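Me: I'm new to this one and would like to understand the reasons behind a few labels. Could you walk me through them?

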Amino acid sequence: MGGDDRDGASCAHSRQTPPGGGQGCPWPYPQYTDTHGGGTGTAPAIPTAGRHPWWGDRVGPSLTHRGQTPPGGTQGCPWPYPHSAASTSVGAQPGHPGPDLQQGDLRRAPPGSAVHHPSSWFPCRYFRWWYKKTCIEKKSAFIDLMCAVPLQQIYGCPLGGIGGGTITRGWRGEFCRWQLNPGKYHYGTVIADQFTVCLRRKGQTVYQQVLSVEKPSTLQGWNWGYCGHYAFYHALYPRAWTVYELPGQNVVLTCRQVSPVIPHDYKDSSLPVAVFIWEVENGNEEPVEVSIMFSMQNGMGAKEDKSGGHWNEPFALQEGGERVAGVLLHHCTPTNPFTLAVAAREKAGTVVTHLTAFDPAGSGRDVWQDLLQDGKLESPTGESRATAKGEVTAAAVCATCTVPARGHQTLELALAWDMPRVHFGALGRRYTRFFGSDGDAAPALSRYALAHYEEWERKIDAWQKPVLENSQLPSWYKSALFNELYFMTDGGTVWLELPHDCLPQELQGPGVASLSHLLPVLREYGRFAYLEGQEYRMYNTYDVHFYASFALVMLWPKLQISLQYDIAVTVINEDVEPRQYLMSGQTAQVKLKNVVPHDIGDPDDEPWQHVNAYLMHDTANWKDLNLKFVLQVYRDYYLTHDAPYLRDMWPVCQAVMESELRFDTDNDGLIENGGFADQTYDAWVVNGASAYCGGLWLAAVRMMCKMAEVLGDEETQQKYSGILQKGKEAFERMLWNGKYYNYDSSGSDTSSSIMSDQCAGQWFLGACGLDQGELEVFPKSHVISALQTIFEKNVMGFAGGTMGAVNGMRPDGVPDTSSVQSSEVWIGVVYALAATMIQEGMVQEGFHTAEGCYRTVWEQLGMAFQTPEAYCEKKVYRSLAYMRPLSIWSMQLALESRVGRAPCAPPPSSSPVPGGTKQSIGDSPGPVASAGRQGPCPVPPSL
Ligand SMILES: C[C@H](CCC(=O)O)[C@H]1CC[C@H]2[C@@H]3[C@H](O)C[C@@H]4C[C@H](O[C@@H]5O[C@H](CO)[C@@H](O)[C@H](O)[C@H]5O)CC[C@]4(C)[C@H]3CC[C@]12C
């Protein structure tokens, strides 16, 4: 496998080659159906070069289409042009009718779902619950099956750091997905949020254009309808580039959008800011004066924008030799008020002007004329009046400079938002630790961002470069690896600061004293939560986080440790409130002691206080959650070497394993599933011993032995060694069929299905170096044979081998349709499977498997920056913008470990050393340096 693209339509391109190579529609949105951002009410108008009505250019020469010449693709182009960005022409046209996709798959009755099946009452129970929640309590449902988020194939890189809220821009530049209120999304393009360019020569305005292809019904005095074929978008999270040629002007603009998302950085990564660096290249023999105007509505386009009382004011801030100026937009809602700051850096040769307020619902003529007149804005002093009810307001900031003949200049603008407190808990956001929580931080945030973005970019470069420059890695993988990270910020993410005076009992609840480092960790690194998915509004859904956690532990390990402490607290606590579960109809308490919860709560409620927002099943009886805690504890320790963490987690691991032992009903050392969907595949019934949960169990037991050994707890080590021996034998006897592990041992019609996730336990063992020699839990030959079978059947035998691995396949090569989920492909599971293949030396197969998912989601379905949980072979997908695909980082870990493994000594043995001393807990348990983490990226062998 080489680093080249498989086809011309993929994402890699040289500086000189435009993405898509100029033929038809550039990658990656060739098949979209609805390209409109929503909120403006008009159909998308995507101009093509040939028929684009150039009504906008009042003063410039007529349009000459220069085809697909690389925008700004000149030598010496000052901005980094990523080789593996997700890229597209802003004017991309549908190549053919887009996929007629539908959300969910709920119309199909699962075979065998007889009237007597308890879950056949699910729709009634769900509807009753939904009605009460939404119509009586007037709240929103944590999963709204009545009202799915409509698919819009418009998204690009989100703005903002981790946990301070995000604003997603579309690939055509629109500001269109808003998550300022933590965990709650508002989808809608705000039409006033634009960049506008004004060019002046010899004191005359020669060109003024909104850099948007829209033609909205508001702000009609503005010059809309920029021809999208002159712009190219590239995204390589946390940065994105748009290159605009200005037709007839011989001027090229590149807007580089940078958000502070920096591995191992726990300060700047928390900032709710983004910087827009405008590189201007003047190809003319005479100087040109260039202005970039950044206009922004006060609000996010939601109904609150009209609630009245919002106001704007100009500001300037000078500090440390840096001066920034702009406008603050105070959004004064009763809950979660915030201030937006639109700002620009003032430096020698750059003039910053502003307009404090204008009506974004009007024609906008005044603003337009103001800029047109002299390329600057009027800059009135004083604050605006507060808006009346029903009124909206907006502001604009303009940066102007002169670019010499054949020269280059840079204009730097920023957007910051300051919502220090959130609607749950009494906690402030993480960034308030550095910028205060009085709600007046927006100027300082803007200044800081404009003063530090160069340093951020250096760090982002240093982190990404080893992967990007590894010629053995395919381009799609580079794009997938970094771009899937969008979910780290845009997963409804919240990162909170603990009050200084927080007492242990406030966090731990009654009777907990064992977590000695809980407070220090949470005080130092804060509290982190992200949603299961933008449509599945539960924080830190733990069975899914198991997959995604690789990204967190590799890039922000302290956040993973903090999250684990929060889970540990909930394990020890209980919530005795009874409630009815929607699938079974049975009533049980919300949270049992000594079990891992499904999630940490709903952002619309009191997360951390009220856990288990999920009320589909009583997850106290799920088989995977407890095991996933133990597996993550050791994996985290192996990767971070955090000994106090291991010590603190050890009693919690013991408690959850004790709980889990009740599921070994026949005392054969192996747990049994309960005949309902009692694990992450929550609509796929499993009965008796199973490959998935049984495999996770054995891996967790193995890790218990290892941890006991490291901690010198001989009694526990012996106990779990005994269980492991018995359990291994039972697992092989009950599930191994000579080629792979059967789905379950129930003997049902689908017991012999081939589950793509059957090696999940091995995946974690391999990631922690516990899969070798005498440490081996699953016989190597069996693991290889199972992976080969999955590759042959679930990958190559499904959709021609081009869509990843179907969750369940019958041995005769037909997908298992016994449940809705068995016939789905889960992208996050596929990346995990690919990582397992890589760990086992099946590198080609692993990359082929993962590539199918990437290309399906990012290229075929146009679901960039909203990777769903699942899709089916034809036309159906489920749960947009989902947590699990972050598991792609386990592929990276697998690659790094493969390289590390050969030359490196195996992790230090923890067997008693001569003289009787055990390995110290502080000893190095695993590899430290890695590209995903800190060191240089090693070249994976034999790709
Ligand atoms: C009740 C239906 C029929 C079941 C039967 O007769 O056996 C259920 C069939 C399909 C179900 C829905 C579907 O599976 C998607 C949703 C899953 C969601 O749970 C989260 O999703 C993850 C899996 O994708 C899981 O790992 C995570 O832990 C969960 O939080 C719950 C709602 C679903 C809409 C689900 C609802 C029941 C079915 C309609």
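Me: What makes β3, β4, β5 and β6 a sheet, and is it open or closed?
Reply: In this predicted model, the four strands form an open sheet in the order β3-β4-β5-β6, with antiparallel pairing. At its edges are β3 (155–159) and β6 (186–187), each of which pairs on one side only.

Me: How do you know that strand β4 pairs with strand β5?
Reply: Pairing takes at least two bridges between the strands. Four bridges join β4 (residues 166–170) to β5 (residues 175–179), so the two count as paired. They run antiparallel, and T166 stands opposite Q179 in β5.

Me: Why is S879 called buried?
Reply: A residue is buried if 20 or more other C-beta atoms lie within 10 Å of its own. S879 has 23 of them, so it is buried. This serine lies in the loop between β31 (876–878) and α19 (888–901), and has a positive phi of about 60° although it is not a glycine.

Me: And why does N594 count as partly exposed?
Reply: The label covers counts between the exposed limit, 12 or fewer, and the buried limit, 20 or more. N594 has 18 C-beta neighbours inside 10 Å, so it is partly exposed. Its phi is also positive, near 65°, and its place is the loop between β24 (587–591) and α11 (625–640).

Me: Which peptide bond joins Y237 and P238?
Reply: A cis one, with omega about 10°. P238 sits in the loop between β9 (231–236) and β10 (239–246).

Technical notes: Residues numbered from 1 in each chain as written. Predicted model: local features only at pLDDT ≥ 70, side-chain atom pairs only at ≥ 80, totals over all residues.
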